[in-house]
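Work through the exercises below with the sequence and the 3D view side by side. Try each task before you read its solution.

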Amino acid sequence: MAMVDDIATKQADPEQDCPASMVAVENVHKSFASHMVLNGVTLRVNQGETLAVLGRSGTGKSVLLRLIIGLDTPDSGSVCIHGQSIAGLVLDRMGEIRKKMGFLFQQAALYDSLSVRENVAFPLEHHRRDMPKSERSDRVRQLLVEVGLDGDIDKMPSDISGGMQKRVGLARALALEPEILLLDEPTAGLDPISSGEIDELILKLQRERKMASIVVTHDLHSAKTIAGRLALLNEGEVVIEGTFEDLQQSDIAFVKEFLQQS
Amino acid sequence: MSDRGFTAVAETNPPIPVRQTDFVSSVVNSAADSFNGFFEWFGSLGIFSWQVLRAAVTPPYEWRELIRQLDEVGSKSFPLVAMAGGAIGVIISLEARYSLTRFGAKSMFPATLVYSVVQIMGPLLTGLVVSGRVGAGMGAELASMKVTEQIDAIEASAINPYRLLAATRILACILMLPLLTLATDASGLLTGWFAQALVEPLSFHQFITSGFSGSTFNAFLPQTFKTAVYGLIIGLIACFQGMRTRGGAAGVGRAATNSVVLASLFLILADVVMVKFILVVFP
């Protein structure tokens, strides 16, 4: 949580140039202590497009997603959502932008004191207070049907597997019908069958909802399946960005090594 | 070995004063770090307090979570403070009877017990008991949520965690501490009277009438309602320590411990200030 950064002393700079893309990351730098994690990263994602961000562990992929949703702030550069810079927005104003975004955390980050049903209902209960209770309940059930977990609706997060937790996390991320979906390692730590199921689910959601999605992963097979465009990060920089075929045809040594080892 | 040989060895040895300089500079650096850390902690607490205050006074209000926290802080602490109050009532009763009999002032027993319980022990005991139970619980719960990214998930869901998690807990502590103090006082007076009545007959009506005779509300209300400040301290410190936690299970343990230790310490320090303040404002 960006406790110090989001204090209401700064205001968003309306003059800041922002591209028209759904998500635009412009020349972003981010360091933790003396360790440079992102070094001038620029990425754009449009509506209906899926970008997979690949790279070795510790290259700043998850940090990039946290910057996009405003959980961390960049040292320099800008992050724009729907053509608006999110720099310096106070928490409640940022909340209005976050309502249009869904975030699946790497470890799902389910609320462990709430059941599966309550986890998915959580954003609805806070942002759709005008929605009748029965309608909210139907919506929760429908989301859980979509992720194939309607039979586990009253279980607690500790009673379900890691793959199921990620599905619940995905259902929760979709609860407010976001226009932008951010997925942090959706298949990490899952067996190949569960990974395939998650990939299928993401593809199905993309077909039906036409969201702009950014998927952070080190699973090349998964990235190839779900994303039309891939960006490979190394040492905080985008080494290459393009289709899977572009990566295959690249002469860059790191790209070749990454594809060979994956 | 020749003299020249000794001289050569002496000249090649590293000079001792250099090591002393290193030691002194490391001590100075360490003291400077501690000094900076001390002020950084207060600075962060100030920013956190501002965030919570701003979130608390702006809608939407989290009524449901507030009610849940009122139950968590109030109802669930009630048995503990009642038992602690009961024990302190018996202790004061036994001690007071012995001392007062010795000095020939046995008739002062009801007033002594009422004064000791309601004005001195009840508020402080309630604060310390709640600090132990609620402070540790809140600190550990929020710290656990922090390290498992649940607080980030709340924020990512466009919900203000300062409003949902911190403001509700702090407000619940502020509202419940005075009520819990009344429970401690009542329990202490009841057991104190009972311990006395076992030794020599004293009706409860007589005990209360005699104990509160000559007392005004000014003598008791400020002492009871000052515990709202204790509630503020307990809630604020526990939420702050919990929500700034880093470092997995060890961090959760540290947050719980620090919540109790710091809340208890600040509570006692605040009591010193408030006692003086009350004596001046409500003479």
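The exercises that follow concern a predicted model, and each one has a solution in steps.

**Exercise 1. Describe the overall build of chain A, and decide how its radius of gyration compares with the globule rule.**

Solution. Begin with the secondary structure: chain A has nine helices and ten strands. Next, take the radius of gyration, which is 18 Å, and set it beside the 18 Å that the globule rule gives for 262 residues; the two values are close, so chain A is as compact as a globular protein of that length. The C-alpha trace spans about 55 × 50 × 35 Å along its principal axes. Then turn to the interior, where 40% of the 262 residues of chain A count as buried. Finally, consider the contacts between residues of chain A at least 6 apart in sequence, of which 69% join residues at least 24 apart.

**Exercise 2. Find the four-strand sheet of chain A and work out which strands stand at its edges.**

Solution. First write down the order of this open sheet, which is β2-β1-β4-β5 in chain A, with antiparallel pairing. The edge strands are β2 and β5 (84-85) of chain A, since each of them pairs on one side only. Now follow the pairings of β1 (residues 23-32) of chain A, beginning with strand β2 (residues 35-45) of chain A, to which β1(A) is joined by eight bridges in an antiparallel arrangement. Within this pair, R44(A) is the bridge partner of A24(A), while V25(A) stands opposite L43(A). The hairpin of β1(A) and β2(A) has two residues between the strands, and A33(A) takes a positive phi near 55 degrees there. Continue with strand β4 (residues 76-81) of chain A, which pairs with β1(A) over five bridges, again in the antiparallel sense. On this side, the residue opposite A24(A) is C80(A). To complete the picture, add helix α1 (residues 61-68) of chain A, which lies across β1, β2 and β4 of chain A and runs at about 120 degrees to β1(A).

**Exercise 3. Trace the six-strand sheet of chain A, and explain why β6 and β10 of chain A are each left with one side without a neighbour.**

Solution. Start from the strand order of this open sheet, β6-β7-β8-β3-β9-β10 in chain A, whose pairing is mixed. Because β6 (101-104) and β10 (237-242) of chain A stand at the edges and each has a single partner strand, one side of each has no neighbour in the sheet. Neighbouring strands of this sheet are turned by 15 degrees against each other on average, when direction is ignored. Look next at one end, where strand β9 (residues 229-234) of chain A pairs with β10(A) over five bridges in the antiparallel sense, and where A231(A) has E241(A) as its bridge partner. Then move to helix α5 (residues 162-174) of chain A, which lies across β6 and β7 (180-184) of chain A and runs at about 170 degrees to β6(A).

**Exercise 4. Describe how helices α5 and α9 of chain B pack, and classify the residues of their contact.**

Solution. Two packed helices are described by the angle between their axes and the distance between the axes. Here, helix α5 (residues 109-147) and helix α9 (residues 217-225) of chain B pack at about 5 degrees, with their axes 9 Å apart. Angles under 35 degrees count as roughly parallel, and α5(B) and α9(B) are therefore roughly parallel to each other. The residues that make the contact are V118(B), Q119(B) and P123(B) of α5(B), together with A219(B), F220(B), Q223(B) and T224(B) of α9(B). By class, the contact has four nonpolar, three polar and no charged residues.

**Exercise 5. Decide for F35(B) and for K146(B) whether the residue is buried or exposed.**

Solution. Take F35(B) first, which is found in helix α2 (residues 16-57) of chain B. A residue with 12 or fewer other C-beta atoms within 10 Å counts as exposed, and F35(B), with 10 of them, is therefore exposed. Now take K146(B), which lies in helix α5 of chain B. The cut-off for a buried residue is 20 or more, so K146(B), with 22 C-beta neighbours inside 10 Å, counts as buried. Leaving out residues up to four places away in sequence, K146(B) touches I151(B), G242(B), M243(B) and T245(B). One of these partners, G242(B), is 96 residues away from K146(B) in sequence, yet their C-alpha atoms are 7.4 Å apart.

How values were computed:
Residues are numbered from 1 along each chain as its sequence is written. Chains are lettered from A and ligands numbered from 1 in the order in which they are written. This is a predicted model: local features need pLDDT of at least 70, side-chain atom pairs count only at pLDDT 80 or more; totals for chains, interfaces and linings use all residues. The radius of gyration is taken over C-alpha atoms; the globule rule is 2.2 Å times the number of residues to the power 0.38. Two residues are in contact if their C-beta atoms, placed from the backbone, lie within 7 Å. Axes are lines fitted to C-alpha atoms, for helices over the stretch in contact, and angles run from 0 to 180 degrees between N-to-C directions. Angles under 35 degrees count as roughly parallel, over 145 as roughly antiparallel, 65 to 115 as roughly perpendicular and the rest as oblique. Ala, Val, Leu, Ile, Met, Phe, Trp, Tyr, Cys and Pro count as nonpolar, Asp, Glu, Lys and Arg as charged, and the others, Gly among them, as polar. Two strands pair if DSSP finds at least two bridges between them.
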